[in-house]
Amino acid sequence: MKTKKSGAKYSAIVGIGEELKKLERETGQEYLALNRGINNVVKIDLNEIASEIDYNTAAMQFYAPTTGSLSLKKAINSEYFDNKADTDNIMITGGGMNALNILFSTLDVEKIYSHSMFWGAYANILKITKIEQDFYSDYEELAKNPEKFKNSAIIICDPNNPVGNKYSDKRLLEIVETLEKHDVTVIWDGPYRRLFYGNTDNLYQKLLQFKNVIITESFSKSVGLSGQRLGFIHTQNEELNKEVGIKLLYCNNGINTFSQILIEKLLTTKKGKKASSDFKKETVKHISRNIQYLIDNKLLASEFYQKSTPVGIFVIVNKSYEELLDKNIGSVPLNYFTKRTDIKPKKFSRICVSVPNDKFVSFFDKFKVIDNFSN
Ligand SMILES: Cc1ncc(COP(=O)(O)O)c(C=O)c1O
């Protein structure tokens, strides 16, 4: 049997998780797994809304419409766009990864550019979809030289994975406006944003004025439901919309109806809205405390936050993977997220700060003990 090899690599982060579990088994000690991108402060309380779901319906049991259930699209339109979008422009996907894969395999562009600090999966999806990857060093580079990106697409990921920083919305919108004027396609991939904002956030409404902006979203991070595999693509480009619909049909045959109904309840019912808001509030409270702890203890790699604010769910710390592992903390070395040569990425690590603050502090306090001994 012959196999077509894409050149994409299996996730190193999964491998690190397996290594941590092995260490736990071998040593009998607890490890704090900050290598994964999951919100692990609290779980969203789904039990109350689950009781409102009727399982014996055609909507639950039969194929969903290929690009998603209309009632979910309407709920998304209300929650994310204040009903200003066209529901036909919203297409439900099997999470953000599925959205990006379909998008990359559909866009006819020479290259796709991401920030020089980028989510490693972009590189692998681009390998699979055979598009060249390139990088911009920071957002100002896009504004300075928009012509350079004319036949390419630009990914904007804010808050960023891996840095967990947030730029000014005002400035990002100005940059998108410049790119729009130069006919550059922008993929706004922001699955972390809505963890920090409720439905009064009007950024996506503002993005509607730009015809070349494609939004990819996910419910994995904002409401902690990565297991449900649900997200969406918003595009105002008719041709792209049609082709994405075809891909959704022949790749997925529509998306799981249960997850669509569950998320719709979350977005539209009183109990669902309360569950989401409680989840976000508690999660963000612990994320903020953890980041403040890192700042206070000079563990945050401040060089990555000069023109932006650390918000999470990830941050970069100035400790290596090995130094963190020595304190039973799992992380991902920064070289998995950048090809920059002006820094030594292995000296830094990405950690997920979405864990209970007391637990987080108890592990990171181990750095203080050593310092006290060495003083
Ligand atoms: C920047 C970014 N985009 C998209 C995703 C996709 O998430 P999912 O496939 O779980 O929806 C992730 C997940 O880690 C991410 O970090």
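**Exercise 1. Two domains and their contact**

The C-alpha centres of domain 1 and domain 2 lie 27 Å apart. This is a predicted model, in which local features need pLDDT of at least 70, side-chain atom pairs count only at pLDDT 80 or more, and totals for chains, interfaces and linings use all residues. Residues are numbered from 1 along each chain as its sequence is written.

Task: work out how many residues each domain gives to the contact, and which element gives the largest share on the side of domain 1.

Solution, step by step:
- Start with the bounds, which come from an automatic or database domain assignment: domain 1 covers 12-44 + 276-374, and domain 2 covers 57-271.
- Next, count the contact: 28 residues come from domain 1 and 23 residues from domain 2. Two residues are in contact if their C-beta atoms, placed from the backbone, lie within 7 Å.
- Now look at the elements of domain 1: α14 (270-296), β10 (309-310) and β11 (314-317) give two or more residues to the side that touches domain 2. Helices (H or I, at least four residues) and strands (E, at least two) are DSSP runs, numbered from the N terminus.
- The largest share of that side, six residues, belongs to α14.
- Finally, sort by class: this side of domain 1 has 14 nonpolar, nine polar and five charged residues. Ala, Val, Leu, Ile, Met, Phe, Trp, Tyr, Cys and Pro count as nonpolar, Asp, Glu, Lys and Arg as charged, and the others, Gly among them, as polar.

**Exercise 2. A residue in a loop**

Task: find where Thr-269 sits, and decide whether Thr-269 is buried, exposed or partly exposed.

Solution, step by step:
- Thr-269 is placed in the loop between α13 (257-268) and α14.
- A residue is buried if 20 or more other C-beta atoms lie within 10 Å of its own, exposed if 12 or fewer, and partly exposed in between, with C-beta atoms placed from the backbone.
- Thr-269 has 15 C-beta neighbours inside 10 Å, so Thr-269 counts as partly exposed.
- Leaving out residues up to four places away in sequence, Thr-269 touches Ile-49 and Glu-52.
- Glu-52 is 217 residues from Thr-269 along the chain, yet their C-alpha atoms are separated by 9.4 Å.

**Exercise 3. Strand β5 and its partners**

Task: name the strands that pair with β5 (residues 153-156), and say what becomes of its two faces.

Solution, step by step:
- Two strands pair if DSSP finds at least two bridges between them.
- Strand β3 (residues 111-115) pairs with β5 in the parallel sense over two bridges, with Ile-112 bridged to Ala-153.
- Strand β7 (residues 185-189) also runs parallel to β5, joined by four bridges; here Ala-153 has Thr-185 as its bridge partner.
- In a regular strand the side chains alternate between the two faces of the sheet.
- Both faces of β5 are covered: Ala-153 and Ile-155 are buried on one side, Ile-154 and Ile-156 on the other.

**Exercise 4. An open sheet**

Task: give the strand order of the open sheet of three strands, and identify which strands stand at the edges.

Solution, step by step:
- The order is β11-β14-β13, with antiparallel pairing.
- β11 and β13 (332-333) stand at the edges with a single partner strand each, so one side of each has no neighbour in the sheet.
- Between β13 and β14 (residues 349-352) there are two bridges, and Val-332 has Arg-350 as its bridge partner in β14.
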